[in-house]
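Reader: I work at the bench and would like a close look at a single part of this structure, from the meeting of the chains inwards. Please explain the terms as you go.

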Amino acid sequence: MSAPALTIALTGNPNSGKTTIFNALTGGRQHVGNYPGVTVEKIEGRTTHDGRTLRIVDLPGTYSLTPYSVEEVVARDFLFDERPDVVVDILDCANLERNLYLATQLLELGVPLVLAFNMSDVAAARGYRIDVERLSGLLGVPIVETVGHKGEGLGELLDAAVAASRAREQAVAAQRRPNYGTEIEPHVVQMTERVAGALGGARYCRWLAVKLIEGDRVTRRRIRRLCPDGADELIAEGRRLGEHIEGVGGDSPEILFADRRYGFISGACTETVTQTVERRHEISDRIDAVLAHRWVGLPIFVALMYLVFYVTFAVGQVPMHWLEQGFAALGEAIARLWPRGSESLLKSLLIDGVIAGVGGVITFLPNVMLLFLAIAFLEDTGYMARAAFVMDSLMHRIGLHGKSFIPMLIGFGCSVPAILATRTLESRRDRLTTMMIIPLMSCGARLPIYALIIPAFFPAAWQAPMLWAIYFIGIALAVVAAKLLRMTILKGETTPFVMELPPYRMPPAKGLLTHMWERSWMYVRKAGTIILGVSIILWAATTFPRKTQYDKDYAAAETRAVEQYLAEAKGLNRDVGLPAESDLLVSALRGELQMREGQAEHWPGEGGYEQASERKEARMAELASREGGGALKRFLAARDALAAGQQELERAGGDGDTSREYLVAERRYRTVVEQLRARDPGALAAAEAYLDRIRPELRTALSRLAAERRAEELTYSVIGRVGRGLAPLLRPMGFDWRIGTALVGAVAAKEVFVAQLGIVFSVGEEAGSTDTLRRQLRDAYSPLVGFCVMLFTLIATPCAATCLVTWREAKGLRWMALQFGGLTAIAYVLTLAVYQIGRLFG
Amino acid sequence: MPLGLARIGQEVMLVAVHGGRGFLHRMAEMGLTPGVRFRVMSRGVPGPYIVSIKGMRLVLGRGLVHRMLVKPVEEPPSP
């Protein structure tokens, strides 16, 4: 039977490399960031050392044990309530004095303690010489030098921790604690004895005594719990001593204590730490001279943000295109399992439900990954903290301060970790205000919506500015909302903030990729679970109940459209060079239509497909042999040559395009036209009329009928009924019921919006790629509506996960309700105004 | 003088901080106790400040500008 698991708590200042050591010890992959407050919850891992199981708990980084913020509460409660066997305090030894403050408090607690002097390589490189042995003697605790990211010293660290836990009593007895001087110390000792007497000699007595003298509220509550009988007396005694000390020392006891602790540290350090050169911040300071400059800093920040979005969009385009093609090919491969043109519920579920939904969301993975990569880079280099500095003045105007800005920036990735990151804010009012406005930061899940809509409605040159503008509108609204909140329900003075600026560092590529991947994986997982589920539900809701009796006879309408087409074609006879009443041309076109019908029932490569072409060829040959067959052949050849040229032009680019490819295609097309004009002007005129007028008319008529039929089916379905129920509400914003249904889906998760639009628009069609969807959107809506859709999804209805985490973190359903209702109301009013005003100006 | 009057590059000594008891305690725990010396590294207008204290860089939010009283420290003659 092996010994029971040892519990080792890791504590340390933010940025001391705690999480890196935790990961190295346990093989975990926790996120490590270069700004305060990355670890907001305690995290556990296990490892074995010398045959013993070690339970290692990573506590949030704290500067002290006085709970000001949630993470300090988490750390302190763990130390008190779970009583770890040994505490390992991790210190950034390039910043020793500051980091030792927490150590002095741990010494006062009287827990078995081991200090890990982390980043000792960096400290050495920066000219610090630390006499570790001497310092260890002065403090009475074992000290191990470590280099977290290289894994150096970790074995020794665990050795020391296990040793300290074996001989706890001796370990604690050897510790030196700060002495508060002749004026104060006797009172502390006296109080400690009283506490020890009341509690029966439990641990933490000196700490409790100090805290009672300070008048710490949390400690008073704890004392009441620990010994309900003597608590009032102890508290009164603490208060009396506190007042006495304040009278003697001229300052409140907690400040005197903090001062003495720093004195104790600096005493120990002057004897053991020598600094050969002051180099630690040299490079960082030089960078900050620009990035944190009073005037230049803000424009640089704005430009950086712009760059992030530009890269997200421009670079993401390429792999996105591959994914689109991949999903289109997958859709077709699946469709081929069934005979072409057949109806099958399962096929529809797979293609219109799963591929259109999940594929639609996964397609945007490259964009999302790039955005996450950029955010990870800003976090890990240390720029985030500078952004807080740069934004402080602006944030101050809206009643928040720079520190609130870090959660807001994280909100660009995802609202959920952003809301968790508000834990670093000490004041509850600041925290609530920040939480309320975080959903206005456009998160990664909203990116697919913009990435779908922007290219659908706006020319290439406008795309990046448009995306930037949407993000900016979110920020601007957040500003207004925060100001309003601070003026109304969350009124109160801003608490000033003090925050450490970590030195810049170049994050290792592996770390960046890991962080990017962790968050992207969440996105992929969401696509595979929530979005898959929602897609299937939405597909079912768009498919059932099925309509069997149509309001309109579509078959007859189609026949009428075809007849109209053939009649118009007959009018070309004269130009083609046929007698006016000749049926030759009409027969040829009818043959083509029949071939298409035949082909629509078979996949290319199947016998039926080939047979349809062969039948048409035979018919053509027969027609060509009749009288006037030569003229017919000339017309068909001219038409096909023109059509091929036009297709090439379309592929090469749009009108006014100046790319080489387009110019070449244009020249080739002109040559074809000139040659035809010289040889057979009549056939050219007929071909042009056919291609520009007669055939497009048929296509438009047929696709309009198909759309009408689809709309009829959808209106009949569950989703159509819901959407139409909402339509009167949405119409003032320019939205129809199709957008309405997509918005309903977006409440579950924002990305579902894209998936749902894909489903609504692709019903009855074969695997629609994003490009087809964009074309359909362009046909159905104006750019103004496109903009309104983005605006509405930006502001309205934070997703389900955000609502839940707000509820939990704000500890109140009403805050969640306020966030949800308030944002939706703002979205409605604002989108309505934009749409109506936009319509006035065309 | 209030911190707001300190120049960039100037070394100052903290004389007093105004504020509630909890706030003062927090400042003290960050090492900002009366008597501590620090150097102003950078500042916005009218705040925030970046100061160098005990070998680290701290951002002092804009709200602190008028709450902190400092006095200039003479530069020690360079050896």
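Author: Two residues are in contact if their C-beta atoms, placed from the backbone, lie within 7 Å. This is a predicted model, in which local features need pLDDT of at least 70 and side-chain atom pairs count only at pLDDT 80 or more, while totals for chains, interfaces and linings use all residues. Residues are numbered from 1 along each chain as its sequence is written, and chains are lettered from A and ligands numbered from 1 in the order in which they are written.

Let's start where the chains meet. Here 35 residues of chain A are in contact with 31 residues of chain B. On the chain A side, α3 (96-109), α12 (253-272), α13 (282-291), α18 (383-397) and β9 (498-501) each supply at least two residues (helices are DSSP runs of H or I, at least four residues, and strands runs of E, at least two, numbered from the N terminus). That side of chain A has 14 nonpolar, eleven polar and ten charged residues (Ala, Val, Leu, Ile, Met, Phe, Trp, Tyr, Cys and Pro count as nonpolar, Asp, Glu, Lys and Arg as charged, and the others, Gly among them, as polar).

The partner, chain B, contains one helix and five strands, arranged β-α-β-β-β-β from its N terminus. Of its 79 residues, 49% count as buried (20 or more other C-beta atoms within 10 Å of a residue's own). Among chain B contacts between residues at least 6 apart in sequence, 53% join residues at least 24 apart.

Now for the interior. The largest nonpolar core (buried Ala, Val, Leu, Ile, Met, Phe, Trp, Tyr and Cys residues joined through C-beta atoms within 7 Å) has 228 residues, and those with the most contacts inside it include B:Leu58 as well as A:Ala116 and A:Ala388. Helix α17(A) gives the most to this core, ten residues.

That helix has a partner of its own. The axes of α17 (residues 365-381) and α24 (residues 509-543), both of chain A, come within 8 Å and cross at roughly 140° (axes are lines fitted to C-alpha atoms, for helices over the stretch in contact, with angles from 0 to 180 degrees between N-to-C directions). That angle makes α17(A) oblique to α24(A), a word for angles that are not under 35, over 145 or 65 to 115 degrees. Residues of α17(A) at the meeting include A:Phe372 and A:Asp380, and those of α24(A) include A:Arg519 and A:Tyr523. By class, this contact has eleven nonpolar, three polar and two charged residues.

Technical notes:
Buried ≥ 20, exposed ≤ 12 C-beta atoms within 10 Å, placed from the backbone.
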